[in-house]
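Got the structure open in your viewer? Here is a walk through it, one selection at a time.

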Amino acid sequence: MMTPDPQTAPAPLLAVEGLSASYGGAWVLRDVSLVMQEGEFLSVIGANTAGKSTLLKAISGLMPKVEGRITFRGTDLTATPSHRIPSLGIAHVPEGRHVFPDMTVEENLIAGAFARGTDAAIGDTLAHVFDLFPRLKERRRQLAGTLSGGEQQMVAVGRGMMLDPKLLILDEPSLGLAPMVVEEMHDRFHEIHESGVSVLLVEQNVSLALESAERAYVMSSGEIEFEGVAKDLANDDRIRKAYLGI
Amino acid sequence: MTRQRLLPVLLFAGVIILALIPLGLDPRGYEMRILCITLLFASLGQAWNIVGGLANQISLGHAAYFGIGAYTSTILLKLFSLSPWLGGVIGMILAVAFALLLSLPTARLKGHYYALATLAAGEAIRVIANSWADVTGGPVGISVPYLPDGSLWMMQFSTVLPNYYLFLAALVVICLVFWKIKSGALGYRLRAIKENEQAAEVIGVDTYRSKLIAACVSAAITAFLGTLYAQFQFFFDPDTVFGVATISVKMALIAILGGVGRLSGPLVGAAFIIPMEEMANSYFGSSAAGLSQFAYGAILVLVILLNPHGLTALFAQLRDRFTGKGGSHDRSVA
Ligand SMILES: Nc1ncnc2c1ncn2[C@@H]1O[C@H](COP(=O)(O)OP(=O)(O)O)[C@@H](O)[C@H]1O
Ligand SMILES: [Mg+2]
């Protein structure tokens with residue numbers, strides 16, 4: 001089991017320590033530990049069913065049963081009800097483009113600021129999201145359910161950004177999207193990261209994940225196998241054999 | 001939107017018309033009774049609409065609340081001569097307690113599982129009411145004690161005319177409650193939950209609490225309607241007020257048939273179903289009582305096949321076709 005290097009971890013943004021999680025039956029995550037620094041672009045990779053989504057859900061308080069500790073800027077997330085977690089500054093873009101289909105694009109985005117209450121700056125954030133995804137501005141009055149897959153993913157990410165988050169959690173944002181759209185999405189993720197938001201990305205496209213992220217954790221069967229700088233992992237034989245098919 | 005402005009005007013006109021109808025009818029007659037029952041079921045459908053339409057929880061156990069209301073006020077009236085207004089409020093409290101209890105195992109259930117769990121809970125209450133004869137009178141039923149000089153305070157009248165206006169007032173109040181919830185903050189949260197529960201959770205909606213509030217409001221209203229029913233009917237038994245077909249399914253059916261989640265849905269649904277049921281019963285006689293259940297099923301399937309958004313949407317569609325307006329039904333129709 002790895003322990004975070006105290007030198008690189010003065011006051012982490014997010015610290016997961018000895019986390020186990022289950023949906024009611026067997027443990028799906030076992031003794032997972034992970035640290036993320038303020039401003040980092042971190043990725044979690046691993047085969048299907050490794051437990052990546054479960055880890056993200058545990059952070060957002062969406063797992064029915066967890067053991068261990070998850071702290072975000074000093075707040076214990078395991079003791080925080082899930083509906084209070086967004087207001088701490090954690091935006092979770094779940095796997096599978098969960099938009100509100102019968103709401104317009106704009107209503108979907110406004111809903112993303114729900115946890116901010118009546119914050120006067122919501123209008124500014126909306127303008128910022130429209131700058132990020134001009135396509136959404138064009139389609140602002142269209143029902144989200146009628147958009148293409150790529151556009152729905154933009155809505156889902158834009159809705160996350162409407163929280164004005166400290167941490168943006170992205171679960172498989174390029175699943176099922178055309179390669180061109182995938183590239184465009186990743187460019188936006190970089191832009192978001194550049195603007196000071198920490199990004200935690202789960203991506204099944206491992207080469208893309210390692211290109212985008214600064215550092216990555218590798219998961220398998222509910223446990224963290226190893227962790228490293230993304231560029232090094234891209235050349236790591238274990239990764240190349242298992243995930244890149246080289 | 002002109003349609004948004006038109007709606008309150010239409011509703012106001014509707015209330016005026018409904019208030020004037022009895023003037024032309026025999027206050028002790030059969031038609032008055034049908035009208036009363038129609039208003040009552042429009043209210044019941046609207047109460048169900050809060051849970052089934054706004055929170056998207058298809059409950060098939062609302063008879064539990066209805067029966068709790070009917071029995072609570074009637075038993076308290078019998079034992080302590082307590083005014084049904086007060087008994088009704090106690091019934092509301094008991095119904096909310098039951099809704100809270102029921103939410104413990106069911107709040108996380110979805111779709112069919114929720115429907116089946118509520119169905120089972122409603123049946124359990126019916127069985128209890130049948131066997132707890134000391135208090136409820138059991139399968140023999142219970143009569144509301146007759147007070148020769150009736151009064152509003154004791155909710156007893158010499159004709160059904162005051163009952164009619166009570167039902168009408170209840171319907172107006174319940175429609176206002178429905179509209180207030182639908183267009184308010186809770187309605188916004190429920191809409192998010194209905195459209196995508198997971199997305200609602202990640203934006204910070206307390207999905208459990210929102211559904212629970214909707215369930216409690218709906219339960220309380222349904223219980224009070226049970227009291228109004230008891231004071232109108234004077235006699236009932238467990239199989240009537242706790243019945244699956246007589247109450248639970250009928251409430252759901254009225255809302256779904258009319259247009260689930262819409263203000264006008266239960267109004268249209270009740271105006272359609274109740275008179276039709278009465279006609280079927282008088283035409284085929286009580287020997288074919290099961291036939292009306294069969295007719296329900298057939299009509300429901302037909303409407304859902306024609307338009308799953310219910311009769312109101314179907315009407316809008318037809319109107320659009322006749323007025324030559326393009327596009328399908330408008331989601332903004334209330
Ligand atoms: N809702 C659920 N209920 C029960 N088990 C689940 C649920 N979702 C995922 N699992 C199980 O948890 C394990 C990890 O799944 P998941 O976290 O979705 O993996 P990944 O995102 O890495 O593909 C899998 O074995 C999966 O079958
Ligand atoms: Mg996953």
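**A charge over a ring**

Start by selecting Arg238(A) and Phe226(A): the arginine lies over the face of Phe226(A), 3.8 Å from the ring centre. Keep in mind as you go that this is a predicted model. For a second case, jump to chain B and pick Lys250(B), which lies over the face of Phe41(B) at 4.6 Å from the ring centre.

**The magnesium ion**

Next, select ligand 2, the magnesium ion. Which protein atoms are its donors? They are OG of Ser53(A) and OE of Glu95(A), lying 2.0 to 2.6 Å from the ion. Ser53(A) belongs to helix α1 (residues 52–59) of chain A, while Glu95(A) is in the loop between β6 (90–93) and α2 (105–112), so the pair ties together parts 42 residues apart in sequence. Switch on a surface and compare the two: Ser53(A) is buried, with a relative accessible area of 15%, whereas Glu95(A) counts as partly exposed at 31%.

**Rings in chain B**

Time for the aromatics. Over all chains, the structure holds 8 aromatic pairs. Select Tyr65(B) and Phe98(B) to see one of them: the ring centres are 6.1 Å apart and the planes sit at 70 degrees, which is over 60 and therefore edge-to-face. This pair links distant parts of the chain, with Tyr65(B) in helix α3 (residues 63–80) of chain B and Phe98(B) in helix α4 (residues 84–106), 33 residues apart. Tyr65(B) counts as buried at 5% relative accessibility, and Phe98(B) does too at 16%.

Now move along to Tyr71(B) and Phe236(B). Their ring centres are 5.0 Å apart with the planes at 80 degrees, so this pair is edge-to-face. Tyr71(B) is in helix α3 of chain B and Phe236(B) in strand β2 (residues 235–236), so the contact between rings ties together parts 165 residues apart in sequence. Buried or exposed? Both Tyr71(B) and Phe236(B) are buried. Add Phe242(B) to your selection, and you have a cluster of three residues linked by ring pairs.

**Where the chains meet**

Finally, colour by chain and look at the interface. Here 19 residues of chain A are in contact with 16 residues of chain B. The buried area between the two chains is about 1,800 Å², and carbon and sulfur atoms give 61% of it. On the chain A side, select His83(A), Phe100(A) and Phe114(A): these lose the most area to chain B, together 34% of what that side buries.

How many salt bridges are there between chain A and chain B? The count is 1. To find a salt bridge, select Glu107(A) and Arg191(B), whose closest N and O atoms are 3.6 Å apart.

Note on methods
Residues numbered from 1 in each chain as written. Chains lettered and ligands numbered in written order. Predicted model: local features only at pLDDT ≥ 70, side-chain atom pairs only at ≥ 80, totals over all residues. Heavy atoms only, no water. Donors = N, O, S within 2.8 Å, 3.2 Å for Na, K, Ca; no water. Helix = DSSP H or I, 4+ residues; strand = E, 2+ residues; numbered from the N terminus. Buried < 20%, exposed > 50% of the residue type's maximum accessible area, 1.4 Å probe, protein only. Phe/Tyr/Trp six-rings, centres within 6.5 Å; stacked < 30°, edge-to-face > 60°. Lys NZ or Arg CZ within 6 Å of the ring centre and 35° of its normal. Contact = heavy atoms within 4.5 Å. Buried area = accessible area lost by both parts, 1.4 Å probe. Salt bridge = Lys/Arg side-chain N within 4 Å of Asp/Glu carboxyl O.
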